[in-house]
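Here's a quick briefing on some ring packing and a helix pair. Have a look at the model, then read on.

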Amino acid sequence: MTDEPRRDAESAIDVTVDADAAGMRLDAFLAANAPGFSRSRTKALIKDGHASIGGATIVEPNHRVNAGDTVRLVQPEPEDATPRGEAIPLDVAFEDDDLIVVDKPAGMVVHPAAGNWTGTLVNALIAHCGDSLSGIGGVRRPGIVHRLDKDTSGLLVIAKNDIAHRGLAEQFADHGREGPLQRLYLALVWGSPRSAKGTVDAPLDRSINNRMKRTVVTSGGKHAVTHWRVIERFTLDGESDPVASLVECRLETGRTHQIRVHMAHIGHPLVGDIDYAAGFATKARKLPDTARNAVEALGRQALHAAILGFRHPVSGEILRFESPLPADFSAILDAFHESVS
């Protein structure tokens, strides 16, 4: 045990070491006694010269503390993020001092990368949040704990500070097995599974033919589980097998392209998915004009992150958000209702 940490300035924390904590590594001691700082963060701050004992700077994270030591940790002002803020409108579902929930439109990349250095969600968040970003790992940037593909629409939660980032990351790492994390997606897929619901438990890895794509593998890869449920089936006149289905997908894990690959793996790729449903172009040509035109106008995979629930990492409150289908997805469903029974 130690005395309660004392802040004599907004950016500095002083903690006195008692007999029980004597002999601990400095980074471990600070991680245990400086609220909001992870072990990796305290180690980085120590190495950068931001920790001292009795006024003497300590730069070795493995330095052992002694009973009676007064340890000071200084949190430097966060550096500006490398990506620049851009005044891009955001659809904000919720925001407070610790996090923000946004409804991402299709076509927006989440994080800057080669070929997409501007116009991303991160660029928009830096401008929108401004000084409320207190720094993730010492950098004034939004804490991305999960992502959506560029052409997938729907809900995302982003941390504004280290405490929120760590709490959200823990929930997403748990995948809702023990906590309240909930992620539900709506997908329009080709054909229809014979069962009303099911589970795809199949590991994913990069495709050896195209490193930008993922594929189901028989050995190795990352554990991936998707639970699906058929909501509605669409059947063409004169045919017995549905041409398409609206499916609800619940993620137990969160891998890149997971729903897209898993649904293709069971023979029902997403409508509009140029990467994983290329062989289903003939399906679209068989549709009545209204539905076919709607599919062609969609211009993306028919996937929407409709429900997001989690525990607030600071207040502990259970939060749940629902996003209505965007106009392009609604239009394709309306067209199927109108022209496909």
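Phe94, Phe310 and Phe321 make up one aromatic cluster. This is a predicted model, so local features need pLDDT of at least 70 and side-chain atom pairs pLDDT 80 or more, while totals for chains, interfaces and linings use all residues. Residues are numbered from 1 along each chain as its sequence is written, and side-chain values use heavy atoms, with hydrogens and water left out.

**The aromatic cluster**
- Searching the whole structure turns up three aromatic pairs (Phe, Tyr or Trp ring centres within 6.5 Å, taking the six-membered ring of Trp).
- Phe94 and Phe321 sit 5.7 Å centre to centre with 45 degrees between the planes, a tilted pair (under 30 degrees would be stacked, over 60 edge-to-face).
- Phe94 is in strand β7 (residues 92–95) and Phe321 in strand β19 (residues 318–322), so this pair ties together parts 227 residues apart in sequence.
- Phe310 and Phe321 are tilted too, at 6.1 Å centre to centre and 35 degrees between the planes.
- Here Phe310 comes from strand β18 (residues 303–311), eleven residues from Phe321 in β19.

**Burial in the cluster**
- Phe310, at 0% relative accessibility, counts as buried (under 20%).
- Phe321 is also buried, at 11%.
- Phe94, at 24%, counts as partly exposed (between 20% and 50%).

**The helix pair**
- The axes of α1 (residues 26–33) and α2 (residues 39–47) come within 8 Å and cross at roughly 125 degrees.
- Leu26, Asp27, Ala28, Leu30 and Ala31 in α1 meet Arg39, Thr42, Lys43 and Ile46 in α2 (heavy atoms within 4.5 Å).
- Those contact residues divide into five nonpolar, one polar and three charged.

Note on methods. Axes fitted to C-alpha atoms, helices over the stretch in contact; angles between N-to-C directions. Helix = DSSP H or I, 4+ residues; strand = E, 2+ residues; numbered from the N terminus. Nonpolar A, V, L, I, M, F, W, Y, C, P; charged D, E, K, R; others polar. Buried < 20%, exposed > 50% of the residue type's maximum accessible area, 1.4 Å probe, protein only.
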